[in-house]
Amino acid sequence: MTDTYDVHVQEKRHMLPDEWVDRWKDGRIGFHQDIVHELLKKYLEKILNGRKGIRFFFPLCGKAVDMKWLADLGHTVFGVDVSEIGIKAFFSEQNIPYTEEPVGTIPGAKLFKSTDGKIFLYNCNLYDFTSSVAGRFDGIWDRGSLVAINPSDRQRYAALIISLMDTDCRYLLDTFLYNPNLYSGPPFFVPDETVQDLFGEMCSIQLLDSVDALSEKQNNWGIDSLTEKVHLLTLKKSSS
């Protein structure tokens, strides 16, 4: 598949945070995977780059099993999601004891953290989460986040992600290509040129893989092809 589809087709598609909360309440979470993502396992070392015990960030984390997998490997995991249901389900389903406390810098937000101090999940609007809350991160796994946010919010999203990247952060980004005339999303169509437009000024971008991802799960989308791509982004070094 090429990236030649009209990138503007889905621009007016807009979902409110409450709509995502309702999806969790209704169990409409087809985006969730019960196993660790194969592309994360395949390219984990691209993120680690020889490092041990790094700080990972999961934007729109939901109850991703990838978080426990990384914590079990000795890393510290931070995530943000608007759904308290999803966060609590993660700890319950993974049998991880946790505590709950308010986040002083974000009104109404809650922090759910594992008692072993390896996993910290923030229940709040993603755009209320800044580096002043939990610092910057060494690695980011973006599976189901950039492709889920409203296309009109992408510049804001990119600015947030870049602000959360530590100097040597390695950001693994998962995107989808399909014919956006056939399906309105989410997940949304994110071609390579969009990734370049959003991050190219501040980050070096390397395409690591491109795989055929069409399965029975997408039958009701009405699409005839689906390509999943994974990119590695690193901050460009300052010339100063």
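1. Phe78 and Phe137 are both buried. The model is a predicted one, and the remarks below concern its side-chain pairings, its backbone exceptions and one buried arginine. The centres of the Phe78 and Phe137 rings lie 5.3 Å apart with their planes at 55°; an angle between 30 and 60 degrees counts as neither stacked nor edge-to-face, so the pair is classed as tilted. Phe78 belongs to strand S2 (residues 76–81) and Phe137 to strand S6 (residues 137–142), so that the contact joins distant parts of the chain, 59 residues apart.

2. The wider aromatic setting deserves attention. Phe78 and Phe137 are members of one aromatic cluster, together with Phe57, Phe120, Tyr122 and Phe129. Across the whole structure, the search returns 14 aromatic pairs.

3. A further aromatic pair is formed by Tyr178 and Phe189, with 6.2 Å between the ring centres and 65° between the planes, an edge-to-face arrangement. Both residues lie in the loop between S7 and helix H7 (192–199), and because they are 11 residues apart in sequence, the pair ties together separate parts of that loop. Tyr178 has 0% relative accessibility and therefore counts as buried. Phe189, at 2%, also counts as buried.

4. The loop between S7 and H7 also holds two backbone exceptions. Most peptide bonds are trans. The bond from Gly185 to Pro186, however, is cis, with omega near -5°. The bond from Pro186 to Pro187 is likewise cis, with omega near 0°. Pro186 is placed in the loop between S7 and H7, as is Pro187. A reader inspecting the model may wish to view these two bonds alongside the pair of Tyr178 and Phe189, which is located in that loop.

5. Salt bridges form the next topic. Side chains of opposite charge can pair when their charged atoms come close. The count for this model comes to 10 salt bridges. One of them joins Glu84 to Lys88, with the closest N and O atoms 2.8 Å apart. Both residues are in helix H4 (residues 84–93), separated by 4 residues, or about one turn of the helix. Glu84 is partly exposed because its relative accessibility is 23%. Lys88 is partly exposed too, at 32%.

6. Glu84 also takes part in a salt bridge with Lys110, at 3.1 Å from N to O. This pair links distant parts of the chain, since Lys110 is in strand S4 (residues 110–114) and Glu84 in helix H4, 26 residues apart. Lys110 has a relative accessibility of 27% and so counts as partly exposed. Which residues make up the network around Glu84? Glu84, Lys88, Glu100 and Lys110 are linked by salt bridges into one network.

7. Strand S4 contributes to another salt bridge, in which Lys113 meets Glu101 at 3.4 Å, N to O. Glu101 lies in strand S3 (residues 98–102) and Lys113 in S4, 12 residues apart, and the pair is described as linking distant parts of the chain. Glu101, at 31% relative accessibility, counts as partly exposed. Lys113, at 26%, counts as partly exposed as well.

8. Arg170 presents a contrasting case of a charged residue. The residue is in strand S7 (residues 165–177). Why does Arg170 have no salt bridge? The nearest side chain of opposite charge, Asp168, is 7.5 Å away, whereas a salt bridge requires the atoms to be within 4 Å, so none is assigned. Arg170 is nevertheless buried. Beyond its neighbours within four places in sequence, its contacts include Lys46, Ile47, Asn49, Arg51, Asp138, Ile140 and Leu232.

9. Asn49, one of the contacts of Arg170, has an exceptional backbone angle. Most residues other than glycine have a negative phi. Phi of Asn49 is near 55°, a positive value. The residue lies in the loop between helix H2 (38–48) and strand S1 (55–59). Asn95 likewise has a positive phi, near 55°, and is found in the loop between H4 and S3. With 67% relative accessibility, Asn95 counts as exposed.

10. One charge over a ring completes the note. Arg156 lies over the face of Tyr127, at 4.2 Å from the ring centre.

Notes. Residues are numbered from 1 along each chain as its sequence is written. This is a predicted model: local features need pLDDT of at least 70, side-chain atom pairs count only at pLDDT 80 or more; totals for chains, interfaces and linings use all residues. Side-chain values use heavy atoms; hydrogens and water are left out. Buried means under 20% relative accessible area, exposed over 50%, partly exposed in between (1.4 Å probe, protein chains only). Lys and Arg count as positive and Asp and Glu as negative; His and the chain ends are not counted. Contact means heavy atoms within 4.5 Å. Rings of Phe, Tyr and Trp (its six-membered ring) pair if their centres lie within 6.5 Å; planes under 30 degrees apart count as stacked, over 60 as edge-to-face and the rest as tilted. A charge sits over a ring if NZ of Lys or CZ of Arg is within 6 Å of the ring centre and within 35 degrees of the ring normal.
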